[in-house]
Amino acid sequence: MIHRVCPQCGSENIDFEIGFITGKYKCNNCGYVGSVIFELDDKNLEKFRNELKK
Ligand SMILES: [Zn+2]
């Protein structure tokens, strides 16, 4: 399974917002807004979250 997560906090609580030119993602957990989002499988998600905790 692929998870779409916030690159800042690792949350899956993401909304996709359509802008004038490009869509942007918004994280409801930390307030991150941007066009970059991480798509990770179960294993990489766990690894990413462990790295965020450091
Ligand atoms: Zn976030």
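Visitor: Which residue forms a salt bridge with Arg4, and how far apart are the closest N and O atoms?

Guide: Let's start with the general idea. Side chains of opposite charge can pair when their charged atoms come close. Here, Glu39 is the partner of Arg4 in a salt bridge, and their closest N and O atoms are 3.1 Å apart. The contact links distant parts of the chain, since Glu39 sits in strand β5 and Arg4 in strand β1, 35 residues apart. Keep in mind that this is a predicted model.

Visitor: Got it. Are Glu39 and Arg4 buried or exposed, or something in between?

Guide: In between! Glu39 is partly exposed at 47% relative accessible area, and Arg4 is partly exposed too, at 45%.

Visitor: How many salt bridges does the structure hold?

Guide: There are 2 of them. Besides the pair we just looked at, Arg49 and Glu12 meet through their side chains, with 3.7 Å from N to O. This pair also links distant parts of the chain: Arg49 belongs to helix α1, Glu12 to the loop between β1 and β2, and 37 residues separate them. Arg49 counts as partly exposed, with 32% relative accessibility, and so does Glu12, with 40%.

Visitor: Now the metal. Which residues are the protein donors of the zinc ion?

Guide: Look for the sulfur atoms pointing at the ion. The SG atoms of Cys6, Cys9, Cys27 and Cys30 are the protein donors, lying 2.2 to 2.3 Å from the zinc ion. Along the chain, these donors follow the spacing C-x2-C-x17-C-x2-C. Cys9 lies in the loop between β1 (2–5) and β2 (14–18), while Cys27 is in strand β3 (residues 23–27), so this pair ties together parts that are 18 residues apart in sequence.

Visitor: Why is the arrangement around the zinc ion called tetrahedral?

Guide: Check the angles at the metal. Ideal angles are 109.5 degrees for four tetrahedral donors. In this model, the 4 donor atoms around the zinc ion subtend angles of 106 to 113°, which makes the arrangement tetrahedral.

Visitor: Is Cys9 buried or partly exposed? And what about Cys27?

Guide: Cys9 is partly exposed, at 25% relative accessible area. Cys27 counts as buried, because its relative accessibility is 1% and the cut-off for buried is under 20%.

Visitor: With those cysteines around, how many disulfides does the count come to?

Guide: The count comes to 0 disulfides.

Visitor: Let's move on to the strands. What is the order of strands in the open sheet?

Guide: The general idea is that strands of a sheet pair through backbone hydrogen bonds, either parallel or antiparallel. In this structure, an open sheet of 3 strands has the order β2-β3-β4, and the pairing is antiparallel. β2 and β4 (33–34) stand at the edges with a single partner strand each, so one side of each is left without a neighbour in the sheet.

Visitor: How many bridges join β2 to β3, and which residues stand opposite each other?

Guide: 5 bridges join β2 to β3. Phe16 has Tyr25 in β3 as its bridge partner, and Glu17 stands opposite Lys24 in β3. On to the next pairing: β3 and β4 run antiparallel over 2 bridges, with Tyr25 opposite Gly34 in β4. So Tyr25 turns up in both pairings, facing Phe16 and Gly34. β3 and β4 also form a hairpin with 5 residues between them, and Gly31 in the turn has a positive phi of about 90°.

Visitor: Last one: how many aromatic pairs does a search of the whole structure find?

Guide: It finds 2 aromatic pairs. One of them is Phe38 with Phe48, edge-to-face, 5.2 Å centre to centre and with 65° between the planes. This pair links distant parts of the chain: Phe38 is in strand β5 (residues 38–41) and Phe48 in helix α1 (residues 42–53), 10 residues apart. As for how that description works, a pair of aromatic rings is described by the distance of the centres and the angle of the planes.

Visitor: Is Phe48 buried or exposed?

Guide: Phe48 counts as buried, at 13% relative accessibility, whereas Phe38 counts as partly exposed, at 30%.

Terms used: Residues are numbered from 1 along each chain as its sequence is written. This is a predicted model: local features need pLDDT of at least 70, side-chain atom pairs count only at pLDDT 80 or more; totals for chains, interfaces and linings use all residues. Side-chain values use heavy atoms; hydrogens and water are left out. Donors are N, O and S atoms within 2.8 Å of the metal (3.2 Å for Na, K and Ca); water is not among the atoms, so sites may look incomplete. Four donors count as tetrahedral if all angles lie between 85 and 135 degrees; four count as square planar and six as octahedral if opposite donors are over 155 degrees apart and all others between 65 and 115; anything else is irregular. Helices (H or I, at least four residues) and strands (E, at least two) are DSSP runs, numbered from the N terminus. Buried means under 20% relative accessible area, exposed over 50%, partly exposed in between (1.4 Å probe, protein chains only). Two strands pair if DSSP finds at least two bridges between them. Rings of Phe, Tyr and Trp (its six-membered ring) pair if their centres lie within 6.5 Å; planes under 30 degrees apart count as stacked, over 60 as edge-to-face and the rest as tilted. A salt bridge is a side-chain nitrogen of Lys or Arg within 4 Å of a carboxyl oxygen of Asp or Glu. A disulfide is a pair of cysteine sulfur atoms within 2.5 Å.
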